[in-house]
Amino acid sequence: MAAKSKQIVDFDKIKSTMSDPYNKPVQIVNEKGEIVNKELFDQFSDDQLVDFMEKMVWERTLHEQTMSFSRQGRLGFYAPTFGEEASEMGIASAMQKQDFIFPAYRDLPQLIQHGMTVEQGFLWSKGHVNGNMYAEGVRAMFPQIIIGAQYVEAAGAALGIKKNGENDAVAYSFTGDGGTSQGDFYEGVNFASAFQAPAVFFVQNNGFAISVPRYKQTAAETLAQKAVAMGVPSVQVDGMDILATYLVAKAAREYSANGNGPTLIETLTYRFGAHSSAGDDPSRYRTKEEEKPWFDRDPLIRMRKVLGDKGLWSQEKEDKLVDQYKSEFKEAMKKAEAAPKQKVSDFLKDTFEVPTPNVARDIKKFEAKESK
């Protein structure tokens, strides 16, 4: 009997080790509020720690108030951010004014931190064009509805930054775990990598693409490792730890801004509620047993423990902040509701810089109707 021939390649071994570099996500504060990397923790001043907490309270209050407005029928589409505060505010805190941001529809909080007003955020949800008209100097696109398309946009902007010779600027883009299964994800990351363009790509892995769990979307053990095939350095971070998320985002930004090409960050977070205000029911595809460990990792509970141990936070302070933020959001909604009603003729005027003959006729037709 012939001896068993030696295999030229051990594919089983290759497959079993592909995710080894990502087996331990970057973390500074664990789910119990314990500091697990004191050297990194000590880089933060007390003021910075409080600022991070204030930003997370701001985002959670924005979510709660926006959901309230939505239930009252005062808004259109809204994608809840409940549970993703550490991921989003950690990333936003690492941005610089000169950076471009290409958000998805769940990224209004980062967009607002970058220069969009809360009023404009509400107008965007209502489908009003004024929601897309940012102040001069705000380098941002409006939230992308097409899944993954913002990755391609960011790659183009990053190449523009490089060709224009801009220093210390990057293009940011975000998607969820489901977005990494889209062709635009690969095309955007690959394009930026091929041209060594300064883009920082974020995958906010919140566990579900609407009702489809991450493990049913891809056989990859992590989403960060998908970047390796495109020659892009990547890392996985505890997205419920705002300190770790901030430092990783800051390091990625510095690396890309210094001419080293793009980076990709996977933040491990969780969407506590529904996918959108449109009404999907998470209880139909998630169990309480599955959700509980994630609720135990709530980023606000984690930071309350850290700040409480240092005597920097109290429930009274948080309650005052919540009341202040709610008042600001209610005022922003009043302003949004006072925006001028949109006209069909205005939509047509915005379609072409120089209207085609057919569009020009339609503009006159609708202007005549609207003047009555």
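Here are some numbered notes to help you find your way around this predicted model.

1. Let's start with the overall build. The protein has 15 helices and 7 strands. Its C-alpha atoms fill a box of roughly 95 × 60 × 45 Å along the principal axes. The radius of gyration is 23 Å, which agrees with the value near 21 Å that a compact globule of 372 residues would have.

2. Next, the inside and the outside. Buried residues account for 49% of the 372 residues. The accessible surface comes to about 18600 Å², and carbon and sulfur atoms contribute 53% of that area. If you take the contacts between residues at least 6 apart in sequence, 74% of them join residues at least 24 apart.

3. Charge deserves a look of its own. There are 46 positive and 52 negative side chains, and the centres of these two sets lie 4 Å apart. Side chains of opposite charge can pair when their charged atoms come close. How many salt bridges does a search of the whole structure find? The count is 19, and the next points visit three of these pairs.

4. A good place to begin is Lys-55, which forms a salt bridge with Asp-51; their closest N and O atoms are 2.6 Å apart. Both residues belong to helix α3, which spans residues 46-71, and because they are 4 residues apart there, about one helical turn separates them. An α-helix has 3.6 residues a turn, so residues three or four places apart point the same way. The two partners are covered to different degrees: Lys-55 has a relative accessible area of 17%, so Lys-55 is buried, since the cut-off for buried is under 20%. Asp-51, at 31%, counts as partly exposed.

5. Stay with helix α3 for the second pair. Arg-60 and Asp-298 meet through their side chains in a salt bridge, at 2.9 Å from N to O. This pair links distant parts of the chain, with Arg-60 in helix α3 and Asp-298 in the loop between α11 (288-296) and α12 (299-309), 238 residues apart. Are these partners buried or exposed? Arg-60 and Asp-298 are both buried.

6. The third pair is Lys-320 and Glu-316, whose side chains form a salt bridge at 3.7 Å, N to O. Both sit in helix α13 (residues 315-337), 4 residues apart, or about one turn of the helix. Lys-320 is exposed, and so is Glu-316. Elsewhere, salt bridges with shared partners join Arg-60, Glu-85 and Asp-298 into one network.

7. Do have a look at helix α6, residues 118-125, where 7 of the 8 residues are buried. Which residues are the buried ones? They are Val-118, Gln-120, Gly-121, Phe-122, Leu-123, Trp-124 and Ser-125. These buried residues pack against α3, α5 (108-113) and α13, and you have already met α3 as the helix of Arg-60 and α13 as the helix of Lys-320 and Glu-316. Just after α6 comes Gly-127, which takes a positive phi of about 80°.

8. Finally, turn to Asp-346 in helix α14, which covers residues 344-349. Its relative accessible area is 33%, so Asp-346 is partly exposed. From Asp-346 to Ile-363 is 17 residues in sequence and 8.0 Å in space, C-alpha to C-alpha.

Note on methods:
Residues are numbered from 1 along each chain as its sequence is written. This is a predicted model: local features need pLDDT of at least 70, side-chain atom pairs count only at pLDDT 80 or more; totals for chains, interfaces and linings use all residues. Side-chain values use heavy atoms; hydrogens and water are left out. A salt bridge is a side-chain nitrogen of Lys or Arg within 4 Å of a carboxyl oxygen of Asp or Glu. Helices (H or I, at least four residues) and strands (E, at least two) are DSSP runs, numbered from the N terminus. Buried means under 20% relative accessible area, exposed over 50%, partly exposed in between (1.4 Å probe, protein chains only). The radius of gyration is taken over C-alpha atoms; the globule rule is 2.2 Å times the number of residues to the power 0.38. Contact means heavy atoms within 4.5 Å. Accessible areas come from the Shrake-Rupley method with a 1.4 Å probe; for residues, only the protein chains shown count as cover. Lys and Arg count as positive and Asp and Glu as negative; His and the chain ends are not counted. The place of a charge is taken as NZ of Lys, CZ of Arg, CG of Asp or CD of Glu.
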